[in-house]
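Please look at the sequence and the structure together. The notes below go through two places, one after the other.

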Amino acid sequence: MEKKNIRIVFMGTPEFAVESLKHLVEGGYNVVGVITMPDKPAGRGHKIQFSSVKEYAISQGLPLLQPEKLKDETFLTELKAWNADLQIVVAFRMLPEVVWDMPRLGTFNLHASLLPQYRGAAPINWAIINGDKETGATTFFLTHEIDTGKIIMQKRIPIADNDNAGTVHDRLMVMGASMVTETVDAILDGRVSPVDQESVNVNEPLRPAPKIFKETCRIDWNKSAKDIFNFIRGLSPYPAAWCEWEAPDQTVYTVKIFETEVINTTNGKPGTLYTDGKKYIEISCGNGGLRLKVLQLPGKKRLSAEELLRGFSLTEDFICR
């Protein structure tokens, strides 16, 4: 079968998934339908917001479904009517067997880690938080347990000390999109030899990649400067690591921190804040310290430390926690 004849259904929601869908459409593959999350209100005005995948699908005139429940009979009937040969999932949600088992060629997923490492919702963030020097992406066939199916293809990329979740996300997004079309081609050509994840040689304990919540992002200044440095860049630019500053008048500011530099000059109690009020902000950690380079006060935009200090009277009397 040629790529223009294979009937593909694509499932995805965020920007990460759009690049893969775009590669399929622009590569001449026959995408007969797209499935994405239902629209939801967002922002202070609670305006209805379309997913990135929906916006692209509409721009290309692709048929679209947005089921609330993936076992809903009406949805299953509509999905079956598309008569897909193959389904592709990129950053969507867990599928029931009745969905992933529907196409004759199966359903494969693109996951932003080197499986079996970092199964879960936030693989990019956790790889950087844990200080990994390498990550990658995996295509694999879906099965009952999440992120456990047989591996089709893997590719690796390095993680540099100046990388954050945003830069790694963008590189994996582009690389992953090429992997999606390469995986489709391999399936069409009969060149796929899926590998059980249990047979993959992993030289260290498996680490999970659970969903990240606001409280997950709170900085613990008792940890080492290097660990907090990795924690901050693993959550930058989104959802962002944060801490609280309490002013002498007991006003509390929730501060998001996006970029730091490890220093060895601070030796105070963890959370002790040092500043000249003009150029720099430094905070002691459990071992060493951090110089804050990019941060954000509530209701304000992201600023360098020097820019923030021009408009905010920060003193060493503030308590950082």
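The text takes up a pair of helices and then a single residue in a strand.

This is a predicted model. Begin with helix α1, which covers residues 15-26, and helix α2, which covers residues 52-59. Their axes lie 8 Å apart and make an angle of about 25°. Angles under 35 degrees count as roughly parallel, and α1 and α2 are therefore roughly parallel to each other. The crossing of α1 past α2 is right-handed.

The residues at this contact can be picked out on both helices. From α1 come Glu15, Ala17, Val18, Leu21, Lys22, Val25 and Glu26, and they meet Ser52, Val53 and Tyr56 of α2. Sorted by class, the contact holds 6 nonpolar residues, 3 charged residues and 1 polar residue.

Now move along the chain to strand β12, residues 273-275, where Thr275 is found. Is Thr275 buried or exposed? Its relative accessibility is 9%, and buried means under 20%, so Thr275 counts as buried.

The side chain of Thr275 has polar contacts with two backbone atoms. One of its polar atoms lies 2.9 Å from the backbone nitrogen of Gly277. The Thr275 side chain also reaches the backbone oxygen of Tyr280, at 2.6 Å.

Tyr280 appears again among the residues that Thr275 touches, once those up to four places away in sequence are left out. Besides Tyr280, Thr275 touches Ile281, Leu309, Leu314, Thr315 and Glu316 on that count.

Methods. Residues numbered from 1 in each chain as written. Predicted model: local features only at pLDDT ≥ 70, side-chain atom pairs only at ≥ 80, totals over all residues. Heavy atoms only, no water. Axes fitted to C-alpha atoms, helices over the stretch in contact; angles between N-to-C directions. Helix = DSSP H or I, 4+ residues; strand = E, 2+ residues; numbered from the N terminus. Parallel < 35°, antiparallel > 145°, perpendicular 65-115°, else oblique. Left-handed = near helix turned anticlockwise from the far one by under 90°. Contact = heavy atoms within 4.5 Å. Nonpolar A, V, L, I, M, F, W, Y, C, P; charged D, E, K, R; others polar. Buried < 20%, exposed > 50% of the residue type's maximum accessible area, 1.4 Å probe, protein only. Polar contact = N/O pair within 3.5 Å; in protein donor to acceptor, adjacent residues only side chain to side chain.
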